[in-house]
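The following paragraphs offer a guided reading of one structure. Please keep the sequence and the three-dimensional view at hand while following them.

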Amino acid sequence: MLKKTNPWVREANLIGGQWVGADNGAVIEVDNPATGEIIGTVPNAGRAETKRAIEAAHAAFPAWAARTAAERGAVLHRLAGLIRDNVDALAELLTLEQGKSLAESKGEVMISAAYVQWFAEEARRIYGDVIPSPWANRKILVTREPVGVAACITPWNFPSSMISRKVGAALAAGCTVVVKPAELTPYSGLAWGVLAAEAGVPDGVVNIVTGTAAPIGDEFIENPLVRKLTFTGSTPVGKMLASRAIANMKRVSMELGGNAPFIVFDDADIDRAAEQAVLSKFRNSGQTCVCTNRFFVQSGVYDAFAEKFAKAVGALKVGNGLEPGVAQGPLINAKAIDKVAAHVADATAKGARVIAGGTRHPLGGTFWSPTVLRDATPDMRIASEETFGPVAPLFRFETEEEAVRLANSTEYGLAGYFFTRDLARAFRVAGALKYGQVGVNEGLLTTEVAPFGGVKDSGFGREGSKYGVEDYLDMKYVCIGGL
Ligand code: NAP
């Protein structure tokens with residue numbers, strides 16, 4: 001159960017500074033994926049509540065946008081500090097609703113704070129331009145202005161850091177927001193709202209609604225007061241929302257699904273590749289958008305890599321994320337484990353060989369044994385679909401050209417990784433991979449200072465880094481004449 005002593009637990013929505021229930025009192029039950037136990041309920045809000053939240057954000061916008069960058073930054077600095085100071089309570093809440101290990105939850109809460117801190121600093125670096133004028137008597141200025149109310153939709157796999165990455169940037173830019181956290185993991189998002197208020201974010205600047213996705217999304221898209229939609233989630237939902245938002249001429253950012261390749265060349269440091277492969281594949285039990293989905297291993301090191309990797313994967317401790325030493329928590333729900341089971345069954349029926357795991361875990365529920373499959377081939381579902389679970393298929397390749405072709409043969413383009421000791425190859429392959437983010441001899445790339453985002457069906461827009469604020473700014477050209 002949720003600890004009622006945890007000061008950041010809130011079972012209400014934040015609208016215009018008030019904590020409120022759904023108009024009709026309806027609630028959504030939230031469970032702990034490790035135990036199946038219902039840990040609490042949150043409001044099942046709909047369009048009317050969302051409309052009021054948007055109006056509250058719209059009303060709060062002029063005053064927030066008028067604050068100096070230093071003032072907005074100071075509020076965000078306080079918020080970052082509060083998140084860090086309460087990492088233990090926030091991490092426990094995150095593990096309870098999401099399932100990831102406590103160590104990973106602490107890591108997520110800390111990066112959540114790091115995003116807020118980063119954007120606190122970036123608020124003061126939103127520059128404009130003075131362009132050399134073609135007219136002697138006119139000056140040309142370019143200024144950057146906040147877009148207005150931003151609607152933010154976040155997924156269940158990173159319920160804290162995805163909010164920080166969006167809302168931190170939006171608030172730094174001078175925007176106000178309405179956030180819809182995922183139905184499966186609303187508590188970390190609601191806690192974000194409590195912390196924001198505590199840090200001095202004025203009423204109406206951050207609003208949070210929980211409820212059924214479709215009506216909330218419809219209001220976000222159709223309400224003219226919303227000027228920007230930012231979404232992190234699956235590609236099909238993202239495409240549907242983006243096309244409708246663009247029809248209403250709203251600014252749009254889309255952080256969508258991935259199908260990350262991880263290439264191990266014959267000249268790689270195999271020990272490092274195997275160690276990084278575990279991190280890249282099994283973080284959050286394989287439920288991250290940048291998790292490796294396909295491993296391509298060159299023939300000369302295929303057996304050696306497979307053996308080292310399978311051994312490391314076999315040693316991962318599976319269990320309730322709150323227990324010490326657990327590396328792999330449960331999958332988020334029954335649908336997720338059914339997809340994993342279907343991908344493994346399809347792969348083994350088509351000739352893949354299990355060298356680690358391969359079955360549901362003895363703990364039952366949504367626990368799956370971390371799995372490595374040898375002899376994977378492109379006709380398997382796992383080659384083209386995002387498994388979003390703890391299954392690592394190993395494909396064999398012969399040449400660099402073949403590896404790049406296979407890695408790029410997907411509609412996704414979020415993150416890719418490769419391992420080599422050859423400097424020339426490192427530059428060649430980094431340039432050839434059609435991905436928004438590339439790791440060379442690295443399996444984990446995410447940091448608040450670097451741009452996160454994809455190409456192709458993985459979406460557009462960048463979050464984090466100095467570029468992350470741009471998605472929340474409009475450019476204005478001012479011509480000063482008669483000089
Ligand atoms: P999802 O089903 O697309 O849901 C994401 C969010 O969209 C949730 O808040 C969901 O609400 C909401 N949503 C669903 N249908 C909607 C609708 N009709 N209108 C408005 N909102 C709607 O994705 P997910 O299963 O939560 O997340 C996993 C996916 O996210 C994976 O594909 C993963 O790769 C991707 N992801 C991408 C990134 C990135 O930065 N590129 C980061 C993390 C995850 P409900 O929960 O209430 O249904």
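In this predicted model, the ligand is surrounded by 29 residues. The closest of them are T154, W156, S234, L256 and E386. Several polar contacts reach oxygen atoms of the ligand. S234, listed among the closest residues, places a polar side-chain atom 2.6 Å from an oxygen atom of the ligand. G233 contributes through its backbone: an N or O atom there lies 3.2 Å from a ligand oxygen atom. K180, by contrast, uses its side chain, in which an N or O atom is 2.9 Å from an oxygen atom of the ligand.

The discussion now turns to the packing of helices. Helix 7 covers residues 213-222 and helix 8 covers residues 235-247. Their axes come within 9 Å and cross at roughly 30 degrees. Because angles under 35 degrees count as roughly parallel, helix 7 is described as roughly parallel to helix 8. On the side of helix 7 the contact involves D218, I221 and E222, which meet L241, R244 and A245 of helix 8. Sorted by class, this contact holds three nonpolar and three charged residues, with no polar ones.

Helix 4, residues 102-122, is met by helix 2, residues 69-85. The axes of these two helices come within 8 Å and cross at roughly 165 degrees. Helix 2 is therefore roughly antiparallel to helix 4, and the crossing is left-handed. From helix 2, the residues in contact are G73, L76, H77, L79, A80, I83 and R84. Helix 4 answers with V109, M110, A113, V116, Q117, F119, A120 and E121. Ten residues of this contact are nonpolar, three are polar and two are charged.

Helix 4 also has a contact with helix 3, which spans residues 87-98. Here the axes come within 8 Å and cross at roughly 120 degrees. How is helix 3 oriented with respect to helix 4? The crossing angle makes helix 3 oblique to helix 4. The handedness of this crossing is right-handed. V87, D88, L90, A91, E92, L94 and T95 of helix 3 meet L102, S105, K106, E108, V109 and M110 of helix 4. The residues of this contact comprise seven nonpolar, two polar and four charged. V109 and M110 of helix 4 appear in the contact with helix 3 and also in the contact with helix 2.

How values were computed. Residues numbered from 1 in each chain as written. Predicted model: local features only at pLDDT ≥ 70, side-chain atom pairs only at ≥ 80, totals over all residues. Heavy atoms only, no water. Axes fitted to C-alpha atoms, helices over the stretch in contact; angles between N-to-C directions. Helix = DSSP H or I, 4+ residues; strand = E, 2+ residues; numbered from the N terminus. Parallel < 35°, antiparallel > 145°, perpendicular 65-115°, else oblique. Left-handed = near helix turned anticlockwise from the far one by under 90°. Contact = heavy atoms within 4.5 Å. Nonpolar A, V, L, I, M, F, W, Y, C, P; charged D, E, K, R; others polar. Near = heavy atom within 4 Å. Polar contact = N/O pair within 3.5 Å; in protein donor to acceptor, adjacent residues only side chain to side chain.
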